[in-house]
Amino acid sequence: MQETLATSTLSAPRRSSISTQEMFSTADQTSSTGPQPSRPSNIPPPGKSKGWNSGTKLRRMRRIIAEDPEWSLATVPLLTELCIQHIIKNFQNNPILKQLLPEHQQKVLSHLSPELPLAVTANLIDDENYWRRCCMHRWPVCHVARHGGSWKRLFFERHLENLIKHFIPSTTDPAVLLDLLPLCRSYVRRLRVDQLLPPVQLPGPPRSGELSDSGSEGETEEPATDHYQLRDLVAGLSHLEELDLVYGVKDCGMNFEGNLFLFTYRDCHSLAATIKACHTLKIFRLTRSKVDDDKARILIRSLLNHPALEELDLSHNLIGDRGARAAAKLLSHSHLRVLNLANNQVRAPGAQSLAHALAHNTNLISLNLRLNCIEDEGGQALAHALQTNKCLTTLHLGGNELSEPTATLLSQVLSVNTTLTSINLSCNHIGLDGGKQLLEGMSDNKTLLELDLRLSDVAQESEYLIGQVLCANREAARQRTLNPGHLMSPVIAKGPEKPAR
Amino acid sequence: MNPPGALGVLEEKEEEHLSTPILGPSIHSDNPQERIQARRLRIAARLEARRREALGEYLDGKKESEEDQSKSYKQKEESRLKLAKLLLCGTELVTNIQVATDIREIHRRVEEQEIKRQRLEKLENEVKTSQDKFDEITAKWEECKQKRIPQDLWDMLNTQQMHCAGLIEDKNKLISELQQELKIKDDQYVKDLKKQSDDICLLLERMEEQVKHVMKTFRQELNYIEKAFEVERRELLTSNKKKWEQALQAHNAKELEYLMNRIKKVEDYEKQLNRQRIWDWEEYNMIKIKLEQDVQVLEQQLQQMKATYQLNQEKLEYNFQVLKKRDEESTVIKSQQKRKINRLHDTLNNLRSKYAKQIKQFQEENQSLTSDYKRLVTQFKELQKSMRHFALIDDKQFREIWLMNEEEAKDLISRAFDVDRIIHTHHLGLPWTAPDFWFLRNVGPISQQPQKSATQILEEVLMQAEEEETEEAASEAESYLDLPKQISPKTTRKILMLLCDESGFLIENKLLSLLLPLEKNECYLLRLDAIFSALGIESEDDLYKLVNFFLKYRVYHSPSSQEQTSLLSVLEPGKQPDLEGQKEESLVEGEPEEKEAPPSSRLIHPNDVLKILEAFVMGLKKPSLILTQRAKLLIENNSLEQQNTELQMLLQKYLDSKINSELQVPPTRVFRAPTK
């Protein structure tokens, strides 16, 4: 009924036109019981008798439908409009997009539901606006700049991250992830998983509370603590560049339990094989995962001679001197630019091995040893290494129990080194004399932009004066960036600098 | 929390405002003096800053050096420094939390280490003491075995039990202590969590505050900078205006100078112009006079030319008139001629129509006459038929009557004879002889001309030939009813003529000489008569027989012609040329051969040898005769030709005569028409 009416109105531009017999007859056939629009009173209902009907048809043929003064062409939807509506309605079953004209495509995309299955949309739709709507629909806060400015990438990355986050081994079906793989393989470049759930044994963590806690009681403990094996997933993601993992439960709060944060050897071996196979990986982070020396060695061994790796972050773990030694070995066997071993248990020997590697390294830009315990021995070794190193720009030695001897050596380094731009010596016991020596070293340095000496027992005066020098250095650096033509070599704001004088 | 990164970003933002490089007393400046100054300042600042408020001094020094800089630049620099400081302080403020937690963590670790060490020590001590106790107990077990007195043994066991209980109690105590510690740790964990959340809250707060503050200051500084720019712009505008006015004044002065120069120059030029004009005027006059003279000369020439032109024109006009007149005359003549032609054409047409009419008329007449003629011929034929019929009937009647009368007469005669005999015998006694009269034996009428003699027929034929040929043919056909129809009278005549020509040897020479002066027909007739008499043909039947023979001969001759020739050559060698001559003739009936047949079939018998010989002699003579005849004919022909030409000449003369042209229907046409 509706359709016939629509077609009749479409076919007759004005309703005042004399409707033909065919139109009436079709209306009769399709809507024998439904009310007819503007049906005259003297016409009997069409359900009486056929003979009567045929007689009346002749009369109806000449009937004129009264003009509707409010009718206008604007109220009639265009056929294209209807088609687009239909396409939108049936997009899930019959996705038609590429065949449409660009403006129609836009229309369809702007009306598509963000809840369509990914299997339909993933490889078909590239429109950023659609994916933006999808993202906004799912997450209230989206930081698109962190995903290369691509909403689609953001969507898939976060979607995948979510799935991995809530994946419970031996309970969740791994096919859930692997099915998604062909859809997102070309969009996902970064995986930031800040929690990996252990298999359910006891009443699960609050995040997995909705899952049933049956079936895992009687199992032995050893295999049950293994986390999700990322090997298949990572192997499928052909563009993966950044992998950020935490083998632990986030926001456990008062439900804290030690075995929620177990990074087993099996996990470790699996992860090592995974990152070794992933040749596109540039950034690898494994934080807060209780990685001890042996595990760190396993991982780092798999990363030796990795073709693409640039950044390694193993902060907030339990890495000791042996792990640090492995990292030092890695420094000389890869193109690592950033190494972060913050909040570990590296002591003097580890720092010494790192310093030894650093002495002749030409790749590493940033080294972070915050909250370790390298003490003066390690600090002095590092300072010696920095006298020959021409590459490192950032060094974080905060909270390392350093004291005056290290500061003395560092001040010597400061007067010689021209690449360092940032040094953090906060939370150490540098002392008043150390501060003065650092000030002396700073007076000859023109490149250092930051020197953090907070809470390190340095006299305020020297701290202030150092601040002045840093200010001047910053100013100079700004000058260099503003008019690089005055210098022999172009200078990048944070990059290594060569003395122009 | 990476302060340099954030700073860098913010600095970049800030640097967007700066478009010009700092020209202040920086050590990187191009100006060496400035560099020296900057270094000096820096050293001074470094030296003095230890005891004084360095910031103000530093900025003062900077300001001093920047006096020559523009206000906006100063403002910018000021704002930049201020903002940089703000950012630095802000980030420091924010990162202070982190640093604080770090140091706290370090302290905690130190404490933890200490506690841990103590705990381990304690545990070790405990292990040692308990081991001692245990050793003691195990030693006592040996003692127990040696005990023989149950009382002692019991006591010993009791003490052992007590010792063991003490050991277990110690252990339990230790466990409870550790559990206590664990509980305290749990509490601390909760506290730490709280502290952490507090820290995070504080961090967030500070960050937000900083963001707000930074935004505010940035906005403020932006305003300041804008204001400074505006002020500078205004100043610049005023100074520029001033400059502009000065320049304008200078320009005006120069303009005046230029104007004066111009006026002077104009005067100069005017003078020059006047001079030039006068000189030009004179020259112009001279040229004008010269040209006027030229013009006069040319006008004279023109007049002459005009006169000649007029003359020529008149001449031409006269000629034209004459030609026109002539033309008119010619047109008149032409029209006359045309009219005449038309008239003549009309007459010609009239005559033509008349002529056509006449032709028609004559044709009709001719037709009617021919039809009349035919009708008459048929009538005549019928008449002849009836006449013949009647003649036959008459003849029959006559014969019957004659026979009747003859019988009567014979009866009478016989009676008379009887009477006479009686008389003779009886009366006279004389023997009676019956008189032999021819008429007694005669039966039928005595015809004077019982049959047409051959000569008569010949005569008739020849006479007919002399008359009209067509009529002759008809009459001939009538006359020779018995003859086969195919033989036309013409042929018959020709046959006869030939016969007469060829069989001249049958005619005696005397007769021939006698016949010479006679007319042709008569001559032929006589000759034929002589020939027929010689051949023994007397009656009409004989003639027919002859004709039939000729015809039969033709039929029978054609196959046996070969045999005949030899015979003919023997019989009549003289006739051979004639025979050939006759063959050339258009008549192919073969009459000439037929003519020879009679001698071959009939005349060859010994009695006639003489005749043949005679004929042979005659035949020899024949060519000369023919030749003479031919010569005569030739002469005749010549004379006739002459006559003809003469007549033609006459006719031509007559036709060419002028009277013909005047006649409406020229006789030439009349001549031609019938010939057509």
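User: What makes you say that the charged end of Lys295(A) sits over the ring of Tyr265(A)?
Analyst: The charged end of Lys295(A) is 5.1 Å from the centre of the Tyr265(A) ring. A charge sits over a ring if NZ of Lys or CZ of Arg is within 6 Å of the ring centre and within 35 degrees of the ring normal, so 5.1 Å fits the distance limit. Bear in mind that this is a predicted model, where local features need pLDDT of at least 70, side-chain atom pairs count only at pLDDT 80 or more, and totals for chains, interfaces and linings use all residues; side-chain values use heavy atoms, without hydrogens and water. Residues are numbered from 1 along each chain as its sequence is written, while chains are lettered from A and ligands numbered from 1 in the order in which they are written.

User: Why is the pair of Trp131(A) and Phe155(A) called tilted?
Analyst: The structure holds 12 aromatic pairs over all chains. In this one, the Trp131(A) and Phe155(A) rings are 5.2 Å centre to centre, with 45° between the planes. Rings of Phe, Tyr and Trp (its six-membered ring) pair if their centres lie within 6.5 Å; planes under 30 degrees apart are stacked, over 60 edge-to-face, and the rest tilted. So 5.2 Å makes a pair, and 45° makes a tilted one.

User: Which parts of the chain does that pair link?
Analyst: Distant ones: Trp131(A) is in helix H7 (residues 128–138) of chain A and Phe155(A) in helix H8 (residues 151–165), 24 residues apart. Helices here are DSSP runs (H or I, at least four residues), strands are E runs of at least two, and both are numbered from the N terminus. Ring pairs also join Trp131(A) and Phe155(A) with Tyr130(A), Trp139(A), Phe156(A) and Tyr187(A) into a cluster.

User: How do you know whether Trp131(A) is buried or exposed?
Analyst: Buried means under 20% relative accessible area, exposed over 50%, and partly exposed in between (1.4 Å probe, protein chains only). Trp131(A) has 0%, so it is buried. Phe155(A), at 4%, is buried too.

User: What makes S2(A) and S3(A) a pair of strands?
Analyst: Two strands pair if DSSP finds at least two bridges between them. Strand S2 (residues 242–245) and S3 of chain A have 4, in the parallel sense, so they qualify. Across this pair, Glu242(A) stands opposite Ile283(A), and Leu243(A) has Phe284(A) as its bridge partner.

User: Which other strands join in, and how many bridges are there?
Analyst: S2(A) also pairs with strand S1 (residues 190–193) in the parallel sense over 4 bridges, where Arg190(A) partners Glu242(A). On S3(A), 3 bridges lead to the parallel strand S4 (residues 311–313), and Arg285(A) has Asp313(A) as its partner there.

User: Which way do the residues of S3(A) point?
Analyst: In a regular strand the side chains alternate between the two faces of the sheet. In S3 (residues 283–286), Ile283(A) and Arg285(A) point one way, Phe284(A) and Leu286(A) the other, and all are buried. S2(A) does likewise, with Glu242(A) and Asp244(A) one way, Leu243(A) and Leu245(A) the other, and all buried.

User: What makes a right-handed β-α-β unit with S2(A) and S3(A)?
Analyst: The helix in that unit is H12 (residues 265–277) of chain A. Right-handed means that, with the strands pointing away from the viewer, the path from the first strand over the helix to the second runs clockwise. S3(A), helix H13 (residues 293–303) and S4(A) make another right-handed unit.

User: How many disulfides does a search of the whole structure find?
Analyst: It finds 0 over all chains. A disulfide here is a pair of cysteine sulfur atoms within 2.5 Å, so the search finds no such pair. As for single cysteines, Cys373(A) is buried at 17% and Cys144(B) at 6%.

User: What is the phi of Leu371(A), and what is that of Leu455(A)?
Analyst: Most residues other than glycine have a negative phi, and most peptide bonds are trans. Leu371(A) has a positive phi of about 55°, and Leu455(A) also has a positive one of about 55°. Leu371(A) is in the loop between strand S6 (366–368) and helix H16 (375–388) of chain A, while Leu455(A) is in the loop between strand S9 (450–452) and helix H19 (460–482).

User: Why is Leu455(A) called partly exposed?
Analyst: Leu455(A) has 46% relative accessibility, so it falls in the in-between class. Leu371(A), with 4%, counts as buried.
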